[in-house]
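Visitor: Hello! I am new to this one, so could you show it to me and walk me through a few of its parts?

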Amino acid sequence: MNRVRDAMIPDPVALDASATAQEAGEHLVQPDVRAVYVSDGERFVGVVTRKTLVEQVVAVGRDPRSTPVGELAEAANWTIDPELPLDEAFGLLEEWDAERVPVVDGGRLVGVLSRSVLQRRLAEDEPPTELEAERA
């Protein structure tokens, strides 16, 4: 229970590379969706954000109904392995100053690791300090 696989968010919002920019936009209007992950079959391709859609579709006058997200997806700066220990994963997220990182297993997207979720998870696993134990 101390691996990335145990703390990741499984099944993030993902589209096939052939899906349209309009489909990505429909997901991105939801307040809890910051990115749409793109895969080409079983291979993780990258990420599409609101910024991506504005810069690569709207600003240049492309039709969102016919623009495939595979052409827009930005390669992720980092990915993380699902078997990495949580403390090492947290150290990497801190080093990279990343809030979310795709979890990729053999080239396939299997989840997303969130720094805030990971912080809470690690805090739950820590034994209470003496002061906290005395207060309890």
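Visitor: Which exposed residues does the face of α5 turned away from its buried side carry?

Guide: Welcome! This is a predicted model, where local features need pLDDT of at least 70, side-chain atom pairs count only at pLDDT 80 or more, and totals for chains, interfaces and linings use all residues. Residues are numbered from 1 along each chain as its sequence is written, and side-chain values use heavy atoms, leaving out hydrogens and water. Exposed means over 50% relative accessible area, buried under 20%, and partly exposed in between (1.4 Å probe, protein chains only). On the face of α5 away from the buried side, the exposed residues are D87 and E95.

Visitor: Why are the buried residues on the same side of α5?

Guide: Helix α5 spans residues 86–96 (helices, H or I, have at least four residues and strands, E, at least two; both are DSSP runs numbered from the N terminus). Its buried residues are L86, A89, L93 and W96. They lie on the same side because, by the directions from the helix axis to the C-beta atoms, they cover an arc of only 95 degrees.

Visitor: What is the order of the strands in the open sheet?

Guide: Strands count as paired if DSSP finds at least two bridges between them. The edge strands, each pairing on one side only, are β1 (9–10) and β5 (100–105). β1 is joined to β6 (residues 108–114) by 2 bridges. With antiparallel pairing, the 3 strands have the order β1-β6-β5.

Visitor: Which residue in β6 does P10 stand opposite?

Guide: β1 and β6 run antiparallel. In β6, the residue opposite P10 is G111.
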